[in-house]
Amino acid sequence: MSSQDTSTDVQRGVLVLGADGKQQTASGIATQRELATSIINGWQEARRRSKRLFAVDGPNESAVVVVALPTPDETVLVAVQRESRDALFEFVGSVDFAGDILAHFLTNPFEALSVVDRDSNVRYMSPVHEKFFGLRPGGGVGRHVTEVIENSRLHHVVESGKSEVGLLHQMRGVTRVVMRHPIRSMQGEVVGAIGQIMFKGPEQLQALSSELTKLKSEVAYYRRELNDLRNRSYGLDQIIGESAAMQRLKQQIIKVAPLDIPVLLTGESGTGKELAAHAIHKLSPRRDGTMVMVNAAALPSTLVESELFGYEAGSFTGAERKGRKGKIEQAHGGTLFFDEAGDMPSDVQVKLLRVLQDGSFQRVGSNDVRTSNFRLISASNRNFEAMIAEGTFRLDLFYRMGAVTIRLPSLRERLDDIPMLAELALNQFAERHGHRPKRLSVEALEFLKSQRWPGNVRQLMHAVERSAIFCESEVIGPADFGMVDSEPGMFEESPVVAPADGAVAAPAEVRMIEPMRVSNAVEQVEEQLIRQAMTKYHGNKKRVAVELGISRSYLYKRLAQMLVVPGSDT
């Protein structure tokens, strides 16, 4: 026995205890009386804690790790003196099913090993590898790895002591992505190497890369969406304007927001009723709840009940398997915003009135009565008094919707806010398209203040964006608001009158029709932008609205005016 072997024997020992707990025999370091006493005392303490692995102090302040192997008749205590922790020893000693775990790593096709020693001879090959190479069990053991594994580099790993991770390995006409690692002893010497398959082929790695790219793209998209939601906080700070009319509006919103009563927002189209609705919700006690938006004018009459009240599973053909919550149920604890309320069909008015009376409703296909506690905010640009007089809108519904009515001022009533709104439009346009923002000249601002703006703020924002598109300089002037392509009919020819004396007729006189109005020009550019965005996003109205910076309710209205059949609403 060599001196090294003797040293190794001294570092190990076995202590056997009888059923009565008394020492029966000892060997190695366990023959030392003080250490044996420490091991027995340590085992008594470990047994009370249901532990099979424990440590005691050894000679020369060293640590001795002990594994207990109890049986009904005796207990075998295996002690190992180490200067540092032995991971394998602790793993086997503390995990009852350690052998099963090791077998899993050795036989699992996704983690199977090929093992070579320091001479690059095969010492072990997982069954799945043996089957792949057509070897009988143990058929490769003892042979040099280059004789067993085609194009193997395990022998180079043994020589260099460096790992190879993620390399392609061609074997029997099949490409695999593999990793190879050197194995070192406690003294740091290379004693062998192992090889494992990471992926079955580069195609699998490519698929993983594609999936990762897709996930990164989705994360980036949702980050943009989240950033957009954060930036569009819809608080009072989003309602731009410092004019007297806007100051009154903001004060009204502040007063009515904390009160849990229905609010009706009226005003011309484009005055910002949706922004006001969001501001009321954000300032209300329901701010942490959801604000659910419903375009009353776009509700299909055949699907009104399922859209508003939801439906149970299997209630009609095409219904989702798990059923679906309606808008009213989704708004529970929050706010229900009914946009274009004045365009609500009569049958929808009846159904909504029933819910507003006591908050109860029934899903389609269910007899169970449900309740939803929500706050109703409605918006419309229609004249309710005229509609009630004509019988097209229910008076009782109007009273329930309009407990408080807030009228939003038209842009004509707040001309002093035009510079702020125009600057906002230019900044948003520049940020959206990655350009440097342009600015308006003093003459351009005076020109904007002189217009009637039947489309109000929305029309102004679109007109300013259009001027930024066609303006060739960094400063936008009044002329930049009238640059549009001529259309058929812009010019007319006067009829040719033949001279009485038979002389050659004079050339036809060309006269220009009245110049196109700014509002018409804006509508044309707006329609063009909507068509381009609908094509770009394949009819996805949500993304089109975000791209153009408009509400989906307004997009619905413009699509109807353009006679465009809407696409996906997702």
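Which handedness, left-handed or right-handed, does the crossing of helix 16 and helix 18 have? In this predicted model, the crossing of these two helices is right-handed, and the sections below set that pairing beside other parts of the structure.

## Helix 16 and helix 18

Helix 18 covers residues 456-470, and where helix 16 packs with helix 18 the angle is about 55°, with the axes 9 Å apart. That angle makes helix 16 oblique to helix 18.

On the side of helix 16, the contact is made by Ile 418, Leu 421, Ala 422, Leu 424, Ala 425, Leu 426, Gln 428, Phe 429 and Arg 432, while helix 18 contributes Val 457, Leu 460, Met 461, Val 464, Glu 465, Ala 468 and Ile 469. Sorted by class, the residues of this contact comprise 13 nonpolar, one polar and two charged.

## Helix 16 and helix 17

Helix 16, which runs over residues 418-433, also meets helix 17, made of residues 442-449; their axes come within 10 Å and cross at roughly 115°. Helix 16 and helix 17 are therefore roughly perpendicular to each other, and helix 16 passes helix 17 in a right-handed crossing.

Ile 418, Pro 419 and Ala 422 of helix 16 form this contact together with Leu 445, Leu 448 and Lys 449 of helix 17. The residues of the contact between helix 16 and helix 17 divide into five nonpolar and one charged, with no polar residue. Ile 418 and Ala 422 are among the helix 16 residues in contact with helix 17, and Ile 418 and Ala 422 are also among those in contact with helix 18.

## The loop after helix 16

Lys 438 is placed in the loop between helix 16 and strand 20, a strand that spans 439-440. Although Lys 438 and Ser 467 are 29 residues apart along the chain, their C-alpha atoms are separated by 9.7 Å.

When neighbours within four places in sequence are left aside, Lys 438 is in contact with Leu 426, Ala 468, Cys 471, Ser 473, Glu 474 and Ile 476. Of these partners, Leu 426 and Ala 468 also appear in the contact between helix 16 and helix 18, with Leu 426 in helix 16 and Ala 468 in helix 18.

## Helix 20 and helix 21

Further along the chain, helix 20 (residues 541-548) and helix 21 (residues 552-561) pack at an angle of about 105°, and their axes are 9 Å apart. This makes helix 20 roughly perpendicular to helix 21.

Here Lys 541, Lys 542, Val 544 and Ala 545 in helix 20 meet Arg 552, Leu 555, Tyr 556 and Leu 559 in helix 21. By class, the contact has five nonpolar and three charged residues, and no polar ones.

## An enclosed cavity

A search of the whole structure finds one cavity of 30 Å³ or more, and about 40 Å³ of space lies in the largest cavity. The lining of the largest cavity is formed by Ser 306, Glu 307, Arg 324, Lys 325, Gly 326, Lys 327 and Gln 330.

Helix 11 (304-309), strand 14 (324-325) and helix 12 (327-330) are the elements that each give two or more residues to this lining. The lining has no nonpolar residues, and consists of three polar and four charged ones.

Key. Residues are numbered from 1 along each chain as its sequence is written. This is a predicted model: local features need pLDDT of at least 70, side-chain atom pairs count only at pLDDT 80 or more; totals for chains, interfaces and linings use all residues. Side-chain values use heavy atoms; hydrogens and water are left out. On a 1 Å grid over the protein atoms alone, a cavity is a set of points where a 1.4 Å probe fits but cannot get out, and a pocket is an open set with protein on both sides within 12 Å along at least five of seven lines; lining residues have an atom within 4 Å of a point. Grid points are joined across faces, edges and corners, and a volume is the space filled by probe spheres set on the points. Helices (H or I, at least four residues) and strands (E, at least two) are DSSP runs, numbered from the N terminus. Ala, Val, Leu, Ile, Met, Phe, Trp, Tyr, Cys and Pro count as nonpolar, Asp, Glu, Lys and Arg as charged, and the others, Gly among them, as polar. Axes are lines fitted to C-alpha atoms, for helices over the stretch in contact, and angles run from 0 to 180 degrees between N-to-C directions. Angles under 35 degrees count as roughly parallel, over 145 as roughly antiparallel, 65 to 115 as roughly perpendicular and the rest as oblique. A crossing is left-handed if the near helix is turned anticlockwise from the far one by less than a right angle, and right-handed if clockwise. Contact means heavy atoms within 4.5 Å.
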